[in-house]
Amino acid sequence: TVLPLVVEQILVMLVGMADTMMVSHVGEAAISGVALVDMVNNLIITVLAALATGGAVIVSQYLGSQNSGGANRSAGQLITVTLLFSAAVMVLCLVLHKGILTLLYGSVEQEVMDAAVTYFFISALSFPFLGLYNSAAALFRSMRKTPITMYVSIFMNVCNVAGNALGVFVLRAGVAGVAVPTLLSRAAASVILLALLLKSKSGVSVKIKEIFSFDKSTIGRILKIAVPNGIENGLFMLGKVLVTSIVALF
């Protein structure tokens with residue numbers, strides 16, 4: 001149970017690393033821009049993962065007490081919370097992507113900034129899919145079905161690497177050639193996990209109507225655990241982003 005979980009976490013972070021490695025064939029400005037944005041993206045990934053994991057605690061409590069109705073309801077509300085939060089982050093980043101990058105890395109060369117802006121804008125579109133992926137993966141972990149998330153992560157990385165190769169070496173699309181495959185691979189992985197949850201007959205079974213409903217008390221219980229967990233993990237990554245912004249001054 002533990003080994004697939006470790007492998008999955010490594011593979012999730014490897015998506016951004018694969019982009020950095022393959023875009024190195026485009027040029028120094030491209031690899032610098034992607035690497036800078038990956039620091040910001042990893043901060044958001046960490047917060048979303050912590051938020052989903054904290055919410056899955058509530059689901060696990062219901063599963064432990066063999067309350068399948070409460071577990072299913074909480075699972076649907078967890079997906080709702082992460083989707084809303086990640087969508088809000090996406091909109092914020094799409095509107096302010098240039099301002100955020102200028103604030104953090106304003107002194108970098110213009111060619112590097114242009115590459116960072118392109119990569120950040122496209123990758124920001126994947127945040128809702130990341131939120132969905134993280135919440136669905138956390139639910140499978142609560143059911144002790146970690147091999148499922150590991151296999152989906154492998155599929156996501158294979159699609160991303162293949163798409164990167166196509167975008168960089170065949171289409172010569174530059175930074176966009178690695179950003180678009182990342183978006184598409186994350187979207188595919190999240191849809192697969194959601195489909196598996198909708199079809200699940202044991203453990204947690206999510207229904208569409210529960211995702212689009214709003215249970216104030218359940219969401220309150222989820223946020224009570226998820227928000228402190230997200231802040232704790234996010235502050236560590238924020239420190240790394242700030243250090244990188246200082247280094248960018250040189």
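Here are some notes on the structure above, point by point.

1. A word on the source before anything else. This is a predicted model, and the points below should be read with that in mind.

2. Let's start with helix H2 and its partner late in the chain. Helix H2 covers residues 28–64, helix H9 covers residues 216–247, and the two pack with their axes 8 Å apart. The angle between them is about 160 degrees, which makes H2 roughly antiparallel to H9, since an angle over 145 degrees counts that way. H2 passes H9 in a right-handed crossing. Sorted by class, the residues in the contact of H2 with H9 are 17 nonpolar, eleven polar and two charged.

3. H2 also packs against H3. Here the axes are 10 Å apart and the angle is about 165 degrees, so H2 and H3 are roughly antiparallel to each other. The crossing of H2 and H3 is right-handed. In the contact of H2 with H3 you will find 23 nonpolar residues, five polar ones and one charged one.

4. Which helix gives the most to the largest nonpolar core? That core has 40 residues, and Leu101, Tyr105 and Phe127 are those with the most contacts inside it. At least two residues each come from H2, H3, helix H4 (110–124), helix H5 (127–142), helix H7 (176–199) and H9. H2 gives the most, with twelve residues.

5. If you are checking electrostatics, the list is short: the structure holds one salt bridge. Its partners are aspartate 215 and arginine 73, whose closest N and O atoms are 3.6 Å apart. The pair links distant parts of the chain, with the two positions 142 residues apart in numbering. Aspartate 215 sits in the loop between helix H8 (208–211) and H9, while arginine 73 belongs to helix H3 (residues 68–105).

6. Are the two partners of that salt bridge buried, exposed or partly exposed? Aspartate 215 has a relative accessibility of 21% and counts as partly exposed, because the buried class is limited to values under 20%. Arginine 73 is partly exposed too, with a relative accessible area of 33%.

7. Two loop residues deserve a look at their backbone angles. As background, most residues other than glycine have a negative phi. Glutamine 66, which is not a glycine, has a positive phi near 60 degrees. Glutamine 66 lies in the loop between H2 and H3, and it is exposed, with a relative accessible area of 74%.

8. The second of these is arginine 144, again not a glycine, with a positive phi of about 60 degrees. Its place is the loop between H5 and helix H6 (146–170). Arginine 144 is exposed, its relative accessible area being 69%.

9. Next, a contact across the sequence that starts in helix H1 (residues 2–23), where methionine 22 is found. How far apart in space are the C-alpha atoms of methionine 22 and asparagine 164? They are separated by 6.9 Å, although the two residues are 142 residues apart along the chain. Methionine 22 counts as buried, at 15% relative accessibility.

10. A similar check can be made in helix H3, which holds valine 89. From valine 89 to phenylalanine 127 the C-alpha distance is 7.4 Å, with 38 residues of separation in sequence. At 17% relative accessibility, valine 89 counts as buried. Phenylalanine 127 has already come up, as one of the residues with the most contacts inside the largest nonpolar core.

11. Finally, a pair that is separated both in sequence and in space. Asparagine 42 and glutamate 210 are 168 residues apart in sequence, and their C-alpha atoms are 29 Å apart. Asparagine 42 is in helix H2, and it is buried, with a relative accessible area of 17%.

Note on methods: Residues are numbered from 1 along each chain as its sequence is written. This is a predicted model: local features need pLDDT of at least 70, side-chain atom pairs count only at pLDDT 80 or more; totals for chains, interfaces and linings use all residues. Side-chain values use heavy atoms; hydrogens and water are left out. Axes are lines fitted to C-alpha atoms, for helices over the stretch in contact, and angles run from 0 to 180 degrees between N-to-C directions. Helices (H or I, at least four residues) and strands (E, at least two) are DSSP runs, numbered from the N terminus. Angles under 35 degrees count as roughly parallel, over 145 as roughly antiparallel, 65 to 115 as roughly perpendicular and the rest as oblique. A crossing is left-handed if the near helix is turned anticlockwise from the far one by less than a right angle, and right-handed if clockwise. Ala, Val, Leu, Ile, Met, Phe, Trp, Tyr, Cys and Pro count as nonpolar, Asp, Glu, Lys and Arg as charged, and the others, Gly among them, as polar. A salt bridge is a side-chain nitrogen of Lys or Arg within 4 Å of a carboxyl oxygen of Asp or Glu. Buried means under 20% relative accessible area, exposed over 50%, partly exposed in between (1.4 Å probe, protein chains only). A nonpolar core is a set of buried Ala, Val, Leu, Ile, Met, Phe, Trp, Tyr and Cys residues joined through side-chain atoms within 4.5 Å.
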